[in-house]
Amino acid sequence: MSAYQEFEHDVLVIGAGGAGLRAAIEAAAAGVNVGLVCKSLLGKAHTVMAEGGMAASMGNVDERDGWKTHFADTMRGGQYLNSWRMAELHAKESPERARELEKWGALFDRTPDGKILQRNFGGHKYPRLAHVGDRTGLEMIRTLQDHGIHQGIDVHMEVTVTRLLKDGERCVGAFGYDREQGRFRIFKAKAVVLATGGLGRAYLVTSNSWEGTGDGHSLAYHAGAEMRDMEFIQFHPTGMIWPPSVRGILVTEGVRGEGGILRNSKGERFMFEDIPPLYIDQTADNPEEGWRYVTGDRDARRPPELLTRDHVARKIVKEVQEGRGSPHGGAFLDISWIKEHIKDSEGHIKKKLPSMYHQFKELAGIDITKEPMEVGPTTHYAMGGVAVDADTQMTTTVPGLFAAGEVGGGLHGANRLGGNSLSDLVVFGQRAGEYAAKFAKDNPNYTVSEAEIEEAATEALAPLERGVTSVNPFQLQFELQTMMQNKVGIAREEEGLSEALGSIGEIAGQLADVGAGGNRWYNPGWHTALDLKHLLTVSEAIALSARERKESRGAHSRLDHLDKDKAWSTFNHVVRKGPDGEMIIERRDIPPIRQELQDILEEEG
Amino acid sequence: MKSATFKVWRGDQEGGDFETYDVDLEPGYVVLDAIHKIQAEQATDLACRWNCKAGKCGSCSAEVNGSPRLMCMTRVEDVAGDGPITVEPMRAFPVLKDLVTDVSWNYEVKASIQPVTPREPDFEDGSWEMQQYDVERPQEFRKCIECFLCQNVCHVLRDHQMHAEFAGPRHFVFAAQAEMNPIDVGDRVAQLRDDLGIGYCNITKCCTNVCPEGITITDNAIIPLKERVVDRSYDPIAKIARSVFGGADDD
Ligand SMILES: Cc1cc2nc3c(=O)[nH]c(=O)nc-3n(C[C@H](O)[C@H](O)[C@H](O)COP(=O)(O)OP(=O)(O)OC[C@H]3O[C@@H](n4cnc5c(N)ncnc54)[C@H](O)[C@@H]3O)c2cc1C
Ligand code: SF4
Ligand code: SF4
Ligand code: FES
């Protein structure tokens, strides 16, 4: 028997980003005992890095905005593969969730009449993003953290969950280890909420931290849940590309929201070409109109730099492929040009984009108030995720298991609009917390299997027991990331995707030989070895779903099927674990949309 | 510069020593890149914390050539001299392993401070009217990324180990953001004086000098708080500060 510490909670929340914290707060408010587990220290989750803002149609800057427009924008951005019910709930509830943050201490930037200021972002018809300069995620996570620590939640910091525990179909807890000493921990729970964030680490160039290894996606999958829409990975158009050490670090879309423009090596503002038909009526056709839009002229249409991320990313790639890229293979993003229009442009940029200024100055030696930045696509966000019921966030197939935030699927369809994640976290975090608490109250009895715990312990210890072997965990991870970057990246085709699936199989074969030296104390080699299983699981799901979708839609682009195909607009892809452990992919028809919502889509154009 | 030699502290609670690693560099390398490279190629069990790699999360604090720094924002070329570059954990906190320290004390102190306590909302939808100039001061303090570098350099904690009596600059910044939140009706003055030990701060400004977020900890947070305390009770250092630094006006 392995030694382990045991904890019991009514609701166990795995993940302490915006979604997990919000879920924990809600569950605690319902009067149940809540445990919160996270891999890093509290307050360091991915959410802390979010920059541009949180979408909520409060209409503080433009009163024409409202939930209906937000709903329609989200659906259009997602190319109508979204769960329309989630898009509806999200649009209706995000204003309330934003305001509630102020009650807990958040201080957003203000409008002249003292309300929460809102900024423009790609795909949002009106200025909609509540923000604090370019550190909105910090504001959100700190607010939730500082409120959460007074709600009687038990926080288990620097603990990694490696497996979910089951009682028959139902999820009844989790197995993990503490990073500090490598001791095993068992969490028994009546309900479990996954809020583990994303999976950008499956790729080489990414804005995601070491935490983004798709743990929650994979934990849920191996426990019998379904993942949906996994082919849709958002490649954010503007990551840093030079010097190499910063490759992938995000440059917020807020730069374009504040008037930043994209140019190629010939100095051309190439975004004015190839505007997608869905957006042609909403997009400015000259620079002057675009500038009027970003400075608040309500009659102007948005500049093409603020088209959806999938489109902007592809346009940059096209410029590079056709020989008009920047020296290090990207495009130029210029905010300094606003000096033509604004007197103290330097002060203005530093005030609106302080952390971008700092980031470029320190890491690239570039003063963005004076010179353009070099940018290119970076793996950013997983639209796909664990399939859940829209109202309760409970997984479709595992009772007692909930998912919220980036790990959940459905809201964003084929492409997420910027700012719709931070709002997603609090809207669906709140719902997951509420319904998990309810589930826990309604289903008090369960048993945890000792055999399953033993199995989990053996699996977790294996890489360490092998000691140093010829297969180094970091090298294997690098191999997988490089392959995914090359074959399952922003431009895909059948052959490459099949090869990718082959490579994933090969790398998975090496998993049995991965070894880590050292002991159980804070050992990154060991931890990385354990993350590999998750990375492989999500990589397979992405490649398999991408191969299956023989069209280009939203973030998914196929070189061998360049066009969008109406026949592919009526269903989502779902993957689940088959009886022999193999990954099965299925089509799931999109349920017919409520008439009232259909009318909104038509009205809003 | 093609390569550099690093001396990295390796050890645990029982003790440890510097180990030497040669690292091939790529353009723009920061210290954290070098640590990661050592981890991937030479010592897979080398422990360090990091998350964002862009100065936003405050995880990667360490002492580089003896100075408190975020490793992800420290360019190797800026710290390379003639000898090797030393990297060691923050010294004001107990070491767990290698570059990782036990910072849990900070979380306990923060939980003891009264959080923002809002007055009744101004509007029916539960919101408040606040002007930009009302929020600007607390917004400075809310930039804090909890890297604890200020805690690491403050002599009251580092040299005098007064963790039981003194909350440290990070937590004065935290108290200040709550005190200056326009909708807050809480009162932390007695707590600042009696439990958080603000009187022990003698305004050396070492904390301000290391803050990677550029928060003017001493002038903007600590001195105004000391003044609030002084208004209710006598604090000699704050009195001097008021005459020497002029103090920030407080409301
Ligand atoms: C640089 C950057 C900028 C962004 N800017 C914006 C923006 O402006 N607007 C916007 O809407 N979105 C933005 N996003 C996206 C958004 O920040 C993320 O999608 C969102 O923060 C995810 O939140 P989350 O709560 O789902 O998970 P995260 O914040 O990623 O938190 C995941 C949590 O789960 C824990 N966890 C993971 N696996 C395990 C495990 N096995 N065991 C235990 N714990 C585990 C982690 O430790 C962590 O606590 C940005 C993203 C990045 C990277
Ligand atoms: S100014 Fe005060 S809090 Fe800051 S380092 Fe000096 S003594 Fe510590
Ligand atoms: S105040 Fe500055 S130095 Fe101190 S913890 Fe916050 S960010 Fe770090
Ligand atoms: S890794 Fe986030 S501050 Fe250095």
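The following exercises, each with a worked solution, concern a predicted model of two chains and their ligands.

**Exercise 1. Confidence**

Task: State how the model scores as a whole, and find where in chain B pLDDT stays under 50.

Solution: Begin with the overall scores, which are ipTM 0.93 and pTM 0.95. Turn next to chain B, whose pLDDT averages 93, with 93% of the residues scoring at least 70. The stretch to mark is residues 246-251 of chain B, where pLDDT stays under 50 and for which the model has eleven contacts beyond four places in sequence. Where pLDDT is low, the predicted coordinates should not be read in detail.

**Exercise 2. Two helices against H15 of chain A**

Task: Classify how H13(A) is placed against H15(A), and do likewise for H5(A) and H15(A).

Solution: Take first helix H13 (residues 473-487) and helix H15 (residues 524-548) of chain A, whose axes come within 9 Å and cross at roughly 25°. Because angles under 35 degrees count as roughly parallel, H13(A) is roughly parallel to H15(A). The crossing of H13(A) and H15(A) is left-handed. The residues that meet include A:Phe474, A:Leu480 and A:Met484 on the side of H13(A), and A:Ala529, A:Leu532 and A:Leu536 on the side of H15(A). Sorted by class, this contact has nine nonpolar and four polar residues, and no charged ones.

Now take H5(A) and H15(A), which pack with their axes 8 Å apart at an angle of about 80°. Since 65 to 115 degrees counts as roughly perpendicular, H5(A) is roughly perpendicular to H15(A). Here A:Asp215, A:His217, A:Ser218 and A:Tyr221 of H5(A) make the contact with A:Lys533, A:His534, A:Thr537 and A:Val538 of H15(A). The classes in the contact of H5(A) with H15(A) are two nonpolar, four polar and two charged residues.

**Exercise 3. The shells around the ligands**

Task: For ligand 1, ligand 2 and ligand 3, list the closest residues and describe each shell by class and by the elements that supply it.

Solution: Around ligand 1 there are 45 residues, of which A:Gly15, A:Gly17, A:His46, A:Gly197 and A:Gly405 come nearest. Among the elements that give two or more residues to this shell are helix H1 (18-29) and strand S7 (159-167) of chain A, while H11(A) gives the most, with four residues. The shell around ligand 1 divides into 16 nonpolar, 24 polar and five charged residues.

Ligand 2 is surrounded by 13 residues, the closest being B:Cys154, B:Pro169, B:Cys201, B:Thr204 and B:Cys207. Helix H9 (206-210) and helix H10 (217-232) of chain B each supply at least two residues of that shell, and its classes are nine nonpolar, three polar and one charged.

For ligand 3 the count is 17 residues, with B:Cys144, B:Cys147, B:Cys150, B:Arg170 and B:Cys211 closest. Helix H5 (149-153) and helix H7 (169-179) of chain B give two or more residues each, and the largest share, three residues, comes from H7(B). By class, the shell around ligand 3 has 13 nonpolar, one polar and three charged residues.

**Exercise 4. The contact between the chains**

Task: Work out how many residues each chain brings to the contact, and which element gives the largest share of the side of chain B.

Solution: The count is 48 residues from chain B and 51 residues from chain A. On the side of chain B, the elements that give two or more residues include helix H1 (31-41), helix H3 (104-111) and helix H4 (132-141). The largest share, four residues, comes from H4(B). By class, the side of chain B that touches chain A has 24 nonpolar, twelve polar and twelve charged residues.

Definitions and conventions
Residues numbered from 1 in each chain as written. Chains lettered and ligands numbered in written order. Predicted model: local features only at pLDDT ≥ 70, side-chain atom pairs only at ≥ 80, totals over all residues. Near = placed C-beta within 6 Å. Nonpolar A, V, L, I, M, F, W, Y, C, P; charged D, E, K, R; others polar. Contact = placed C-beta atoms within 7 Å. pLDDT = per-residue confidence, 0-100. Axes fitted to C-alpha atoms, helices over the stretch in contact; angles between N-to-C directions. Parallel < 35°, antiparallel > 145°, perpendicular 65-115°, else oblique. Left-handed = near helix turned anticlockwise from the far one by under 90°.
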